[in-house]
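Subject: Handing over a structure

Dear colleague,

I am passing a structure on to you, with the sequence and coordinates placed just below. Please look through them before reading the notes that come after.

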Amino acid sequence: MGPARSLSKVKKQRTTLTLPSDSLTKAKNIARARGVNLSTVISEALSEGLRIHEVTKRSEEVLNSYRKAFSGFTEVELALLDGVVLEPSPRR
Amino acid sequence: MIDPASGPFLFDTSAESWLARTKHSELLTWVGAYLSHHPFHISAITVLERTRGYSTLWRRAQEESRESIEASRIAYLSALGPVWPLNGAIAVVAGEIMSLLPDPPTPPRRSHHLAESHQERLARWRFDGLIAATALVARMPLIHNNAADFEAVRSAIERTPERFPDLGPLELIRCASLA
């Protein structure tokens, strides 16, 4: 199922937006070329933008969690977190 | 530079933590770009090694330090992406690797007056074999920070491809060469 078709099944709401003229012109050109209406093109672009926003947010959350997971440890403690167990050497 | 979109990749235990701690701006940009396309794939062995580490630190720590160690452990677990479980195929491939290379190619680690025991070194070497086997079975390049050990595995597999049918070479990418 393509994006245009899947969009036709979701609940819709009418609204008024103020958009940059050049973006609107490009969207109209895309709609004309694909034989779909302007709402479809703008809905798809909005969905993709929101998806990228969510992915970026998740990516930042993961990086922040990773930083927290490995901060504040000594080199020996970090080695232990990597599976390297260092113990005091036996006296020779 | 490795295209971040060309993943997903499997991250070895030390590679995962090294990339999480890097301060190199190019690598940080690479990690951010990678995460916008794919999650960090890791082996269940990495979760085992990491969890053992946090738990050991927690047990050794004074009461007042335990809360922050536990917070680090929870932060790590909350960041986890896909974890590849050990299965029959991975066990078969890892068994071949361990038979080909029964002994670690590098000596136990040392740091000042501390040293890794031979028993611990052997266990870690076998864990590396399981991680390499996971990368082969998952058909993912392995991002690593341990060239001496994983290159030994890659070379051994190349010398005996008949023992690894339909699995292809072990593709290795060093952390430092990502960006």
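What follows is a description of the two chains, their helix packing and a few individual residues.

Please keep in mind throughout that this is a predicted model, and that every value below was computed from it.

To begin with chain A, its secondary structure consists of four helices and one strand, and these follow one another along the sequence in the pattern α-α-α-α-β. Chain A has 92 residues, of which 16% count as buried.

Chain B holds seven helices and seven strands, and its elements, read from the N terminus, come in the order β-α-α-β-α-α-β-α-β-β-α-β-α-β. The radius of gyration of chain B is 17 Å, close to the 16 Å that the globule rule gives for 179 residues, so chain B is as compact as a globular protein of that length. Its C-alpha trace spans about 55 × 40 × 30 Å along the principal axes, and 35% of the 179 residues in chain B are buried. If one considers the contacts in chain B with a separation of 6 or more, 78% of them are between residues 24 or more positions apart.

The interior of the model is a good place to look next. The largest nonpolar core has 50 residues, and those with the most contacts inside it are V93(B), A132(B), A133(B) and L136(B). The element that gives the most to this core is helix α6 of chain B, residues 118-138, which supplies seven residues. As for A132(B), once residues up to four places away in sequence are set aside, it touches I97(B), L142(B), F150(B), V153(B) and L170(B).

Helix α6(B) also packs against helix α5 of chain B, residues 88-100, and the axes of these two helices come within 8 Å and cross at roughly 130°. Because an angle from 115 to 145 degrees falls outside the ranges for roughly perpendicular and roughly antiparallel, α5(B) and α6(B) are oblique to each other. The crossing in which α5(B) passes α6(B) is right-handed. On the α5(B) side the contact is made by A89(B), I90(B), V93(B), A94(B), I97(B) and M98(B), while the residues that α6(B) contributes include R126(B), G129(B), A132(B), A133(B) and L136(B).

A second helix pair joins the two chains. Helix α3 of chain A, residues 38-70, and helix α2 of chain B, residues 25-37, pack at an angle of about 125°, with their axes 9 Å apart. On that angle, α3(A) and α2(B) are therefore oblique to each other, and their crossing is right-handed. The residues that meet here are V55(A), T56(A), S59(A), V62(A) and L63(A) in α3(A), and V31(B), G32(B), L35(B) and S36(B) in α2(B).

Among single residues, I would draw your attention to D12(B), which is placed in the loop between β1 (10-11) and α1 (13-21) of chain B. Is D12(B) buried or exposed? With 31 C-beta neighbours inside 10 Å, where 20 or more are enough, D12(B) counts as buried. Leaving aside its neighbours within four places in sequence, D12(B) is in contact with I131(B), L142(B), I143(B), H144(B), N145(B) and N146(B). D12(B) and H41(B), which are 29 residues apart in sequence, have their C-alpha atoms 9.1 Å apart in space.

Finally, some details of the backbone of chain B may deserve a look. The peptide bond from G7(B) to P8(B) is cis, with omega near 5°, and P8(B) belongs to the segment before β1 of chain B. H112(B), in the loop between β4 (110-111) and β5 (114-115) of chain B, is a residue other than glycine with a positive phi, near 55°. H112(B) is exposed, since 10 other C-beta atoms lie within 10 Å. D166(B), likewise not a glycine, has a positive phi near 65° and is found in the loop between α7 (147-159) and β7 (172-174) of chain B. With 6 C-beta neighbours inside 10 Å, D166(B) counts as exposed.

With kind regards

Notes: Residues are numbered from 1 along each chain as its sequence is written. Chains are lettered from A and ligands numbered from 1 in the order in which they are written. This is a predicted model: local features need pLDDT of at least 70, side-chain atom pairs count only at pLDDT 80 or more; totals for chains, interfaces and linings use all residues. The radius of gyration is taken over C-alpha atoms; the globule rule is 2.2 Å times the number of residues to the power 0.38. A residue is buried if 20 or more other C-beta atoms lie within 10 Å of its own, exposed if 12 or fewer, and partly exposed in between; C-beta atoms are placed from the backbone. Two residues are in contact if their C-beta atoms, placed from the backbone, lie within 7 Å. A nonpolar core is a set of buried Ala, Val, Leu, Ile, Met, Phe, Trp, Tyr and Cys residues joined through C-beta atoms within 7 Å. Axes are lines fitted to C-alpha atoms, for helices over the stretch in contact, and angles run from 0 to 180 degrees between N-to-C directions. Angles under 35 degrees count as roughly parallel, over 145 as roughly antiparallel, 65 to 115 as roughly perpendicular and the rest as oblique. A crossing is left-handed if the near helix is turned anticlockwise from the far one by less than a right angle, and right-handed if clockwise.
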